[in-house]
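Grab a coffee and work through these exercises with the model open in your viewer. Each one sets a task and then walks through a solution.

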Amino acid sequence: MITLALDSSGKAAGVALLRDEELIYESYLNNGLTHSETLLPMVQSALEAAKTGLSEVGLIAVGAGPGSFTGLRIGMALAKGLALPRQIPCAGVSSLEALAHSVFLPQGGCVLAATDARRGEVYYAAFRREGASLLRLCPDAVGRPAAVLDLLAGEEKTVFVVGDGAKVCYNDLKEKVPLEPVPDLWRLGRAAGVALAGRALWLAGGAQDAALLRPAYHRLSQAQRERLEKTKEGKVQ
């Protein structure tokens, strides 16, 4: 089965193709252009390069968040546009879990996926390698880096950190937890991680109709937060 994966939840855009568990194509673009400009052409290039078409795709995996609100909506809209006319099942995967799938972990190794949520906060989740799978250690959450201390308490071996929140977590927690940011080249993750997380969800029976895809924001938008603050202050009629 061919899995088409779309990643637009963060700064970089990515597209990948798996044939079963074999990666046959992957592209990564981090040049400042908006995902609305780049993602569809990247999909077209992927299918052409792999000499395949959407008729052969059995699953579309897409990063569902947390992440950039606009980026998530772009990825979801494209996944729906490709899947609905062809009735291709979809897997909306945690963008943090996809980040964790993007890096190599030794058996028993632990990875913290952390992305910038602004206002001094990060979206975060931790995972441990068990066999061929990743064991989730907590639900996706948002908070200041100190929020992960209890989660990682007692870890004696190096905990690898991936995502654009890696540096802030490392700087805040390096004296308390044995953290190690992954190299810059791998820090923003890869669409292959989305593909692997999507295939795992499909194997577990978690694929769904494209119409049911929903982004997982995990927090209110800035406009909603500002309105809520004004409401509390009595400034909104």
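**Exercise 1. Find the loop that holds Pro66, and work out whether the peptide bond from Gly65 to Pro66 is cis or trans.**

Solution. Start by placing the residue: Pro66 sits in the loop between β4 and α2 (69-83). Keep in mind that this is a predicted model. Next, read omega for the bond from Gly65 to Pro66, which is near 5 degrees. That makes the bond cis. As background, most peptide bonds are trans.

**Exercise 2. Asp20 is not a glycine; is its phi positive or negative?**

Solution. First, find Asp20 in the loop between β2 (13-19) and β3. Then read the angle: phi of Asp20 is about 55 degrees, so to speak on the positive side. For context, most residues other than glycine have a negative phi.

**Exercise 3. Lay out the open sheet of 5 strands and say which strands stand at its edges.**

Solution. Step one is the order, which reads β3-β2-β1-β4-β5, with mixed pairing. Step two is the edges: β3 (22-29) and β5 (90-94) each have a single partner strand, so one side of each is left without a neighbour in the sheet. Step three is the twist: ignoring direction, neighbouring strands of this sheet are turned against each other by 20 degrees on average. Now zoom in on one pair. Strand β4 (residues 57-65) runs parallel to β5, and 5 bridges join them. One contact to look up is Ala61, whose bridge partner in β5 is Ala91.

**Exercise 4. Trace how β10 pairs with β6 and with β11.**

Solution. Begin with strand β6 (residues 110-118), which pairs with strand β10 (residues 159-162) in the parallel sense over 4 bridges. Here Val111 has Phe160 in β10 as its bridge partner. Now move on to strand β11 (residues 179-181): β10 pairs with β11 over 3 bridges, again in the parallel sense. Phe160 turns up here too, with Glu180 in β11 as its bridge partner.

**Exercise 5. Do β7 and β8 run parallel or antiparallel, and how many residues lie between them in the hairpin?**

Solution. Look at the pairing: strand β7 (residues 121-130) is joined to β8 by 4 bridges, and the two run antiparallel. Arg129 stands opposite Leu134 in β8. Then count through the turn: the hairpin has 2 residues between its strands. In that turn, Gly131 has a positive phi of about 65 degrees.

**Exercise 6. Describe the second largest pocket: its volume, and which element gives the most to its lining.**

Solution. The volume is about 390 Å³. The lining takes in 14 residues, and His101, Arg129, Ala132, Ser133 and Leu196 lie nearest the centre. Sort the lining by element: α3 (95-101), β8 (133-136) and α7 (191-203) each supply at least two residues. α7 gives the most, with 4 residues. Sort by class and you get 7 nonpolar, 3 polar and 4 charged residues.

**Exercise 7. How many cavities of 30 Å³ or more are there, and which residues line the largest cavity?**

Solution. The count comes to 1 cavity of 30 Å³ or more. The largest cavity holds about 30 Å³ of space. Its lining includes Lys11, Leu29, Asn30, Asn31 and His35. By class, the lining of the largest cavity divides into 4 nonpolar, 5 polar and 1 charged.

**Exercise 8. Which residue puts its charged end over the ring of Tyr28?**

Solution. Go to the ring of Tyr28 and look for the charged end sitting over it: that end belongs to Arg190. Then check the distance, which is 4.1 Å from the ring centre. Separately, the structure holds 1 aromatic pair.

Definitions and conventions: Residues numbered from 1 in each chain as written. Predicted model: local features only at pLDDT ≥ 70, side-chain atom pairs only at ≥ 80, totals over all residues. Heavy atoms only, no water. 1 Å grid on protein atoms, 1.4 Å probe; cavity = no way out; pocket = protein on both sides within 12 Å on 5 of 7 lines; lining within 4 Å. Points joined across faces, edges and corners; volume = space filled by probe spheres on them. Nonpolar A, V, L, I, M, F, W, Y, C, P; charged D, E, K, R; others polar. Phe/Tyr/Trp six-rings, centres within 6.5 Å; stacked < 30°, edge-to-face > 60°. Lys NZ or Arg CZ within 6 Å of the ring centre and 35° of its normal. Pairing = 2+ DSSP bridges. Axes fitted to C-alpha atoms, helices over the stretch in contact; angles between N-to-C directions.
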